[in-house]
Amino acid sequence: MALSGQSSALRRAIGLPALVLYGLGTTIGAGIYALLGEVTAVSGALTPYAFLLAALLAAGTALSFAEFVQRYPTAGAAAFFVSQGLGSPRVGQLVGGLVATAGLVSAAALLNACVDYLQTFFTLSPAVLELSVLGALTAVCLWGIGQSVWLAGVICLLEIGGLLWMATLALLDTSPAPALGAATGLAAGAVVPPFSEIGGGAVLAGAVLAFYAFIGFEDMVEVAEEVRHVRRTLPLAIILTLLLTTALYLLLVVGALRSLGVAGLAGSAAPLAVLSQHLLGGEPRVITFIAVAAISNGVLIQMIMVSRVFYGLSSRGQAPAWLASVAERTQTPVAATLVAAAIILLLALSGSLGGLAQATSLLMLTVFFLVNVALFRLKRHALGEERGWLPIWVPVFGALACVLLIAASLFSLT
């Protein structure tokens, strides 16, 4: 495969529908398949409000990313945003490293989770399964960005279909769990408490957990150089992804609470499987298959994101030049993709990812904080149209939300 140097551009092959599916795939991912039980254990019947608050907290940073990518539609976007906004290439380089590290660890953790599911169907060793899955996904990444995003979109449709299927069955369930009202003092037939009875502590605690089910915009901006009409398409795709994700989560949360009740949902490691068994009976094979697809999709999208971060840093002279090599036929960053795949495999095989994954969440919140501060600084010193379309209080709100979430996360670790 012939490679070209830094002068070769990536192929602009992604339109709005494919980009929204890509965004939904990276946002929904596998998290909701396990996260719902954890949030319910903290927030109980207030879980829908926790997800709403999480969406609001994520919205500030998502909008900051949307304006930034309209200004600077480039690969390695978060690093470049911070570099421009704070006037410090070194801080930007650090941010690029943090984003790449988060993506690599996340992909490795997802790869391990995928193998755990696959071992229920195959008797092969975990190492063989990890190498097989990662090899197949790497081949897709190298094949082309259009093909990669197309596959991610197809899997995303499968994920969304599974969630909508479970949510619809749950909402139409004729025998809602009586434990929901009994445990929370709700009126007969009520699913969640009225807004006037919300307890702030339980909602905030649940929102801290649910927040991670809404992030994905940081992955979307990394393919900016491969999006058609990028200055219009990418900001719109970020906003649509956040709105669609919020609506889908709320349907699922309300349906699951209505069908299982707090006691049946809280703390479950596989809440969708529990819901499937409750509604359909038998082994939850279909949902398990969808979960495997969702997890594999998460690995694919993280690999795409990390390779573009490496490519972007290299093309700006902040990483080794050979990482910016692009295949002439497929116009994909081959070296960056192979390096990302190798690191993911090494991390997955190490098996010691728990603490690192937790630390990575804090690192991403730090990145989000810096992006919001960078946009605020840029807008404060800009004049006229250079101020952009976003009110200046939005990045301020986004930065404060990140500080709140960092503090809550650190408090939970003590």
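Does L151 count as buried, exposed or partly exposed, and at what relative accessibility? L151 counts as partly exposed, at 24% relative accessibility. The legends below concern a predicted model, and the view of L151 comes after an overview.

**Figure 1. Overview of the predicted chain, with 16 helices and two strands.** The chain has 414 residues, and buried residues make up 55% of them. Among contacts with a separation of 6 or more, 82% join residues 24 or more positions apart. The mean pLDDT of the chain is 82, and 86% of the residues reach at least 70.

**Figure 2. Parts of the chain with low and high pLDDT.** Of the elements, helix α3, residues 47–71, has the highest mean pLDDT, at 93. The lowest mean, 44, belongs to helix α8, residues 179–184. Over residues 178–189 the pLDDT is below 50, and the model gives this stretch 12 contacts beyond near neighbours in sequence. Residues 1–7 also stay under 50 in pLDDT. For residues 1–7 the model has 20 contacts beyond four places in sequence. Where pLDDT is low, predicted coordinates should not be read in detail.

**Figure 3. L151 in helix α7.** This view returns to the residue of the opening question. L151 touches V140 and L300, leaving out residues up to four places away in sequence. V140 is 11 residues from L151 in sequence, and their C-alpha atoms are 8.4 Å apart. The relative accessibility of L151, 24%, lies between the limits of 20% for buried and 50% for exposed, so L151 counts as partly exposed.

**Figure 4. Helix α1 against helix α7.** Helix α7 spans residues 145–171, and its axis comes within 8 Å of the axis of α1. The two axes cross at roughly 60°, and the helices are therefore oblique to each other. The crossing of α1 past α7 is left-handed. On the α1 side, the contact is made by A18, L21, Y22, L24, G25 and I28. On the α7 side, V149, A152, G153, C156, L157, E159, I160 and L163 take part. Sorted by class, the contact of α1 with α7 holds 11 nonpolar, two polar and one charged residues.

**Figure 5. Helix α1 against helix α11.** Helix α1 covers residues 16–28 and helix α11 covers residues 230–265. Their axes come within 9 Å and cross at roughly 50°. The pair is therefore oblique, and α1 passes α11 in a right-handed crossing. From α1, the residues that meet α11 are L16, L19, V20, G23, L24, T27 and I28. From α11, the residues are T233, L234, L236, A237, L240, T241, L244, T245, L248 and Y249. By class, the contact of α1 with α11 has 12 nonpolar and five polar residues, and no charged ones.

**Figure 6. T246 in helix α11.** Which residues does T246 touch, not counting residues up to four places away in sequence? They are L52, A55 and F214. The relative accessibility of T246 is 14%, which is under the 20% limit, so T246 counts as buried.

**Figure 7. A340 in helix α14.** A340 has a relative accessible area of 0% and is buried. Leaving aside neighbours within four places in sequence, A340 is in contact with L104, M303, V306 and F310. L104 and A340 are 236 residues apart along the chain, while their C-alpha atoms are separated by 7.1 Å.

**Figure 8. H229 in the loop between α10 and α11.** Helix α10, at residues 217–220, is one of the two elements that border this loop. Phi of H229 is near 50°, a positive value in a residue other than glycine. How exposed is H229 in terms of relative accessible area? The value is 57%, over the 50% limit, so H229 is exposed.

**Figure 9. Q331 in the loop between β2 and α14.** The loop runs between strand β2, residues 326–327, and helix α14, residues 334–350. Q331 is not a glycine, although its phi is positive, at about 55°. Q331 is partly exposed, with a relative accessible area of 22%.

Technical notes: Residues numbered from 1 in each chain as written. Predicted model: local features only at pLDDT ≥ 70, side-chain atom pairs only at ≥ 80, totals over all residues. Heavy atoms only, no water. pLDDT = per-residue confidence, 0-100. Helix = DSSP H or I, 4+ residues; strand = E, 2+ residues; numbered from the N terminus. Contact = heavy atoms within 4.5 Å. Axes fitted to C-alpha atoms, helices over the stretch in contact; angles between N-to-C directions. Parallel < 35°, antiparallel > 145°, perpendicular 65-115°, else oblique. Left-handed = near helix turned anticlockwise from the far one by under 90°. Nonpolar A, V, L, I, M, F, W, Y, C, P; charged D, E, K, R; others polar. Buried < 20%, exposed > 50% of the residue type's maximum accessible area, 1.4 Å probe, protein only.
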